[in-house]
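Work through the four exercises below with the model open. Each task is followed by a stepwise solution.

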Amino acid sequence: MASPVQLKVCWSKAHRMLVRALSVAAHNIRNIGIVAHVDAGKTTVTESILHQTGQIRSPGRIKDGSTTTDFLECEQNRGITINSAFVQTSWKDIQLNIIDTPGHIDFNIEVERALKVLDGAVVVIDGTRGVEPQTVTVWNQLRKFNIPKVVFLNKFDRETRDLAGSLESLSSAFNVEPLLLNEGIYNSSDELEDITDYEDGNLLSNLLETLALYDDEMEKKYCSYDNGTISKADIVRSMKNVMAKSESLVPVCVGSGYTGVGIPFLLEVITTLLPSSYEVLQKLPPPLHEETCGVVFKSSYDRQKGVVCQSRLYSGRIKQGQRLYNTRTKSTGIVNSVHRIKAGEYQGIDSFEAGEIALLTGCKEFRTGDVFLSDVSPAKNKALAQHCHSTDILNSTIQFSQPLFFCKIEPRSVSQQPQLETALKMMSFEDPTVRAKVNSNGEVVLAGTGQLHLNVIQERLSQEYGLDCFLRSIRVAYRESVIDSFIQTFNDRSISLQGTLSVSPSEGCPSITIRCQLAIPEEFRVQVRRSLMSFQATGPLIGLPLSNVDINLDITSFGENVKEKDILMALKRMVRKAFKDNISMLVLAEPYAKVNVTGPQMAADQIISDFVGRIGSPEYEVSFLQEHQFTFCGFAPLSKLSNYSSDVQRVTNGAASLRSIDLDDYRPLSPPENKALLEGFKSGEIWL
């Protein structure tokens, strides 16, 4: 009979063999996201992929509300994607885990947290318009998470397609060289019938010439190209090498999601050029390769199952009853059940393995962004957690957008207010950009990222919770800022704490810099930063978040054997006193938005006239394009743009359309505006 030591060694070997087998299986998995500007056609492309791979009999249509991934009633009614949706299919023995993401800026959190767990992405661009504002947003998010990408120029079945313009917009917007891999084949009626790929004609010559400039191995082969020494495998290998080294080259293919032409070629590009889950696993520290390691990218509350966690597993295997260790909370949770996800449906399974995405129940303390491990022992958990925290793939931060609009929300009956508060609490658990609180008058105040966001919340309350509610007085969310710099020294003799606080106006997001001339633990430095961030969340004027402010803290000394909590409390007092002493430097700031309008040139004058009348002295520029079209880009206070989309349609008789309204910056109010608004807040005439 084997001894306990021998059994332990045998189990360890078997465990390592299992992990290696799971890693091999991950070679055949691609976790990809479909991202785009609103109305570029990404959901239609997703439907076409599911159809071409045999997952569905016929592609659903947005106008019919029959698409697989738009499963919420409000998505089907509005014809837009609101929630990221996960579906699974396969192409030539490659398993494709696809996340279809929203294209509207109000639901950008769904994009942000989905990108955290992707191996690669398909950026869908409307081939009749080229790069649009939200294209830029999602591209920057892909860069943030270092996700390889390919571009699909959609709608090439339309007469208004513009290949040269779309490629030029890609090049100028992102400083990249588009690598065109296919072209459309059109019949005598200018209908898209098929595509020709890079193995034919001029495309191959241009492709090889471009790759030779970026890849040394291809350069050598290209010099002897006349001898026919370059195979398709050589070209694929070269493209992958270049994509791995830089973002300078971006593969581009064209087609039509609506007709399905070009979708099989897109699938070939996805499965050959985008990395497998195994390749992503190799970027993790080796000690994590032989353990169970994954990330929760979306936690929500299900009224039947409780807390549910959509999770990506990088290594190992998870099964029902397994105990997992949360590296953030340093606590454990037991997996009650494991489910495969198909859009809005769940299917129970025994386990899921490295490279896959599934839903877990039972881990009540797990939240969006949490990294988990198999629970081994306290010492090993701590050591493995340190590896997780040092890895960009696992430790990259999910940015939650701050609310831009808020309003009072009232149920039809006062007796339903407790139900409303509970429903909003559940919705904010799933979507942290939904904020709700009860003000001093007992009224529920709801905040969201945009007017569309608030309207969708109202619809979902009715459809999913049976609560018909009214939105009252939608307002923009102001911030607090500073108009000039100030410096203040501090000295708390009770704990010998000394240092300097400097505050200055900045552009963009607020920042915090902490310098310390003493050797202090990194964990304490993190606690100091969190303390200052909590101060930023409730500014000193009337409790609104601070924006466009840089805070620099320089700690020069503190006493020996002083408890960390005493230092943190003293720093909070010092910072609050510094702002109070310089209260004249503080001012309210209002959100400014960047708007983009497109339409025929004959509608340009109406748009300009309306914008000038609305704003007074606006900033804008107009560009006149081919095909007698124009684009209008303007900057204005968000408070002046209520119902702007409808107004664009009205003043141009439906000729022009609003393409986007994006938050640009927060700008200080003028002294008279600032005084009036502060008095309104303090008197209660303007409510928070």
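The exercises cover a strand, the nonpolar cores, a helix and the cysteines of this predicted model.

**Exercise 1. Place strand β1.**
Task: Determine how many residues of β1 (residues 29-36) are buried, and which strands β1 pairs with.

Solution:
- Step 1. Count the buried residues: eight of eight in β1.
- Step 2. Split the strand by face. In a regular strand, side chains alternate between the two faces of the sheet.
- Step 3. One side of β1 carries Ile-29, Asn-31, Gly-33 and Val-35; the other carries Arg-30, Ile-32, Ile-34 and Ala-36. Both faces are covered.
- Step 4. Look for neighbours. β3 (residues 94-100) runs parallel to β1, with six bridges. Here Asn-31 has Asn-97 as its bridge partner.
- Step 5. β4 (residues 120-126) also pairs with β1 in the parallel sense, over five bridges. Val-35 is bridged to Val-123 in β4.

**Exercise 2. Map the nonpolar cores.**
Task: Find which members of the largest nonpolar core touch the most other members, and which helix gives the largest share.

Solution:
- Step 1. The largest core holds 94 residues. Those touching the most other members are Val-151, Leu-181, Leu-211, Ile-235, Met-239, Leu-266 and Leu-394.
- Step 2. Helix α10 (residues 263-273) supplies the largest share of this core, seven residues.
- Step 3. Another core, of 71 residues, lies apart from it; Tyr-478, Phe-490, Ile-495 and Leu-678 are among its members.
- Step 4. Now take Leu-181. Leaving out residues up to four places away in sequence, its contacts include Leu-203, Leu-207, Met-239, Phe-265, Val-269 and Leu-273.

**Exercise 3. Surround helix α7.**
Task: Identify which residues of α7 (residues 201-214) are buried, and what they pack against.

Solution:
- Step 1. List the buried residues of α7: Leu-203, Leu-204, Leu-207, Leu-208, Thr-210, Leu-211 and Ala-212.
- Step 2. Recall the helix geometry. Residues three or four places apart point the same way, because an α-helix has 3.6 residues a turn.
- Step 3. Trace the packing. The buried residues of α7 meet strands β6 (177-180), β7 (182-186), β8 (192-197) and β9 (249-254). They also pack against helices α8 (216-223) and α9 (232-245).

**Exercise 4. Check the cysteines.**
Task: State how many disulfides the whole structure has, then examine Cys-74 and Cys-309.

Solution:
- Step 1. The search finds zero disulfides.
- Step 2. Apply the cut-off: two cysteine sulfurs must lie within 2.5 Å.
- Step 3. For Cys-74, the closest cysteine sulfur is in Cys-469, 14 Å away, so a bond is ruled out. Cys-74 is buried, at 0% relative accessibility.
- Step 4. For Cys-309, the closest is in Cys-363, at 6.1 Å, also too far for a bond. Cys-309 is buried, at 1% relative accessibility.

Key: Residues numbered from 1 in each chain as written. Predicted model: local features only at pLDDT ≥ 70, side-chain atom pairs only at ≥ 80, totals over all residues. Heavy atoms only, no water. Buried < 20%, exposed > 50% of the residue type's maximum accessible area, 1.4 Å probe, protein only. Helix = DSSP H or I, 4+ residues; strand = E, 2+ residues; numbered from the N terminus. Pairing = 2+ DSSP bridges. Core = buried A, V, L, I, M, F, W, Y, C linked by side-chain atoms within 4.5 Å. Contact = heavy atoms within 4.5 Å.
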